[in-house]
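A learner who is new to a protein model may wish to know how its features are read. The following dialogue takes up such questions in turn.

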Amino acid sequence: MSSLSSDVRNLLREVTLPIHLGKVIKRGTSEIWSCCRVDVTLQDGRTLEGTVVNADLHSDIAIVKIHSKTPNTWLFDKSSDLGLGGIRREYLQTDCAINVGNSGGPLVNIDGEIVGVNIMKVLAADGLSFAVPIHSVSKIILHFKKSGRVVRPWLGLKMIDLNEMIIAQLKESDATFPNVNKGVLVPMATPGSPTDCAGFHPSDVVTEFDGKHVESIKEIIEIMGDRVGVPMKAVVKRANDNLVTLTVIPEESKPDI
């Protein structure tokens, strides 16, 4: 049985006992209710008063603290161990029924362990919904404890993972495209963004980031972590295999970016 690290388990106990993993409470599109009181209905039918401890608009995840003499107990699993792509994506696809008003509950595996938090469904398709992987939720909780909010570095860069087919198409349309087997293509840098200021150009291929070889967007994101304002070196390949080293300083992402 896979389980979360002891540090995360201790954090969950410290933040609230019991803990309710749910959606950010919203009205319309902009109003966020934080540090307010809400009603929480448990599986056994009890309704308890809860307090929104913290909320993250980007992931639609909130922590609600409730007071109960008989708390519910959950076991947590690692969604990245499921083989469902959770480690590479922000969401897990599931066929559980999610309708207006009942999202926010846990997604569990056959052993009854939480592997995600259900947050949304596809309106045009029955039985198609998505959940935030539990390893992402645990990182959000760690951010809440460390910074009081989720810190996400922003580069202002559109990126595409390169594969053999994409590279062949690019070389067919442009003979000067760099000779690479893998890497991260830069189609565009947002004007005024950290990468624009660093000198990134369209068609650059990122091969190294912060001194580490990279072949995917996921690797760049993992290398950045939550480091904001820290200069990082990026090695890019340009037309005719011209190698350039750029220095980029990530900024903190804003909710509307």
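The teacher and the learner discuss the overall make-up and then the salt bridges.

Q: What kind of model is this, and how many helices and strands are there in the protein?
A: The model is predicted. The protein contains five helices and 19 strands.

Q: How many of the residues count as buried?
A: A residue is called buried when its relative accessible area is under 20%. Of the 257 residues of the protein, 39% meet that description.

Q: What share of the exposed area do carbon and sulfur atoms supply?
A: The protein exposes about 14,600 Å², and 52% of this area comes from carbon and sulfur atoms.

Q: How should one read contacts between residues that are apart in sequence?
A: One considers contacts between residues at least 6 apart in sequence and asks what part of them join residues at least 24 apart. In this protein, that part is 57%.

Q: How many salt bridges are there?
A: A salt bridge requires a side-chain nitrogen of Lys or Arg within 4 Å of a carboxyl oxygen of Asp or Glu. By this rule the protein has six salt bridges.

Q: Which residue forms a salt bridge with Asp 226?
A: The partner of Asp 226 is Lys 146, and their closest N and O atoms are 3.2 Å apart. Asp 226 lies in the loop between helix H5 (217–224) and strand E17 (232–238), whereas Lys 146 belongs to helix H2 (residues 134–147), so the pair ties together parts that are 80 residues apart in sequence.

Q: Are these two residues buried or exposed?
A: Asp 226 is partly exposed, with a relative accessible area of 27%. Lys 146 is exposed, its relative accessible area being 64%.

Q: Where do the residues of the salt bridge between Arg 149 and Glu 252 lie in the chain?
A: The closest N and O atoms of Arg 149 and Glu 252 are 2.9 Å apart. Arg 149 is in the loop between H2 and strand E12 (153–154), and Glu 252 is in strand E19 (residues 251–252); the pair links distant parts of the chain, 103 residues apart. Arg 149 is partly exposed at 41% relative accessible area, and Glu 252 counts as partly exposed at 25%.

Q: Which residue forms a salt bridge with Asp 210?
A: Asp 210 pairs with Arg 227, and the closest N and O atoms are 2.9 Å apart. Asp 210 lies in the loop between strand E15 (204–209) and strand E16 (212–213), while Arg 227 lies in the loop between H5 and E17, 17 residues apart. Asp 210 is partly exposed, with a relative accessible area of 23%, and Arg 227 counts as partly exposed at 29%.

Methods:
Residues are numbered from 1 along each chain as its sequence is written. This is a predicted model: local features need pLDDT of at least 70, side-chain atom pairs count only at pLDDT 80 or more; totals for chains, interfaces and linings use all residues. Side-chain values use heavy atoms; hydrogens and water are left out. Helices (H or I, at least four residues) and strands (E, at least two) are DSSP runs, numbered from the N terminus. Buried means under 20% relative accessible area, exposed over 50%, partly exposed in between (1.4 Å probe, protein chains only). Contact means heavy atoms within 4.5 Å. Accessible areas come from the Shrake-Rupley method with a 1.4 Å probe; for residues, only the protein chains shown count as cover.
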